[in-house]
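Hi everyone, thanks for coming. I'll walk you through one small model today, and I'll try to keep it simple. Have a look at the picture first.

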Amino acid sequence: MNSKSRFAVGVLTAVVMAALTFALPRGTPLRDAALVQFPLTVGVWAIFVLLFVKLK
């Protein structure tokens, strides 16, 4: 897996995580917490995907 495909997997993972975050019901504390922590979560997952995942 080259760097471009790893980058694409990281971006797609972030998009899916964002979609799932916005799928939560409005006005709930869970959604508010998820929206606040979303950038940190995406950053951690991006580092994991870009650096450590070695798919064949």
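Okay, so before anything else: what you see here is a predicted model. Let's start with the overall build. How many helices and strands are in the chain? There are two helices and zero strands. The helices are α1, covering 3-22, and α2, covering 29-52.

Now the overall shape. If you draw a box around the C-alpha atoms along the principal axes, you get roughly 40 × 15 × 15 Å. The radius of gyration tells a similar story: the chain has 13 Å, while a compact globule of 56 residues would have one near 10 Å.

What about the inside and the outside? Of the 56 residues, 18% count as buried. The accessible surface of the chain comes to about 4,400 Å², and 76% of that belongs to carbon and sulfur atoms.

That brings me to the surface. There is a nonpolar patch on it, made of F7, V11, V15, W45, I47, F48, L50, L51 and F52. Together these residues have about 900 Å² of accessible area. Both α1 and α2 give two or more residues to this patch. Which element gives the most? That's α2, with six residues.

Let's zoom in on two of the patch members. Take L50, which sits in helix α2. Is L50 buried or exposed? Somewhere in between: its relative accessible area is 32%, so L50 is called partly exposed. Remember the cut-offs here, because partly exposed means the range between under 20% for buried and over 50% for exposed.

F48 is in helix α2 too. Its relative accessible area is 41%, so F48 is also partly exposed. Now find G10 over in helix α1. F48 and G10 are 38 residues apart in sequence, but in space their C-alpha atoms are 8.7 Å apart. G10 itself has 13% relative accessibility, and because the cut-off for buried is under 20%, G10 counts as buried.

Here's a pair to compare with that. G10 and A33 are 23 residues apart in sequence, and their C-alpha atoms are 22 Å apart. So counting along the sequence doesn't tell you the distance in space: that pair is at 22 Å, and F48 with G10 is at 8.7 Å.

Last stop: L35, again in helix α2. With a relative accessible area of 32%, L35 is partly exposed. Which residues does L35 contact, leaving aside neighbours within four places in sequence? They are T21 and F22. From L35 to F22 it's 13 residues in sequence and 8.2 Å in space, C-alpha to C-alpha.

That's my tour. Thanks for listening!

Definitions and conventions
Residues numbered from 1 in each chain as written. Predicted model: local features only at pLDDT ≥ 70, side-chain atom pairs only at ≥ 80, totals over all residues. Heavy atoms only, no water. Patch = residues over 30% accessible without salt bridge, like charges linked within 9 Å, V, L, I, M, F, W, Y side chains within 5 Å. Areas by Shrake-Rupley, 256 points an atom, 1.4 Å probe, with all protein chains shown as cover. Salt bridge = Lys/Arg side-chain N within 4 Å of Asp/Glu carboxyl O. Helix = DSSP H or I, 4+ residues; strand = E, 2+ residues; numbered from the N terminus. Buried < 20%, exposed > 50% of the residue type's maximum accessible area, 1.4 Å probe, protein only. Rg over C-alpha atoms; globule rule 2.2 N^0.38 Å. Contact = heavy atoms within 4.5 Å.
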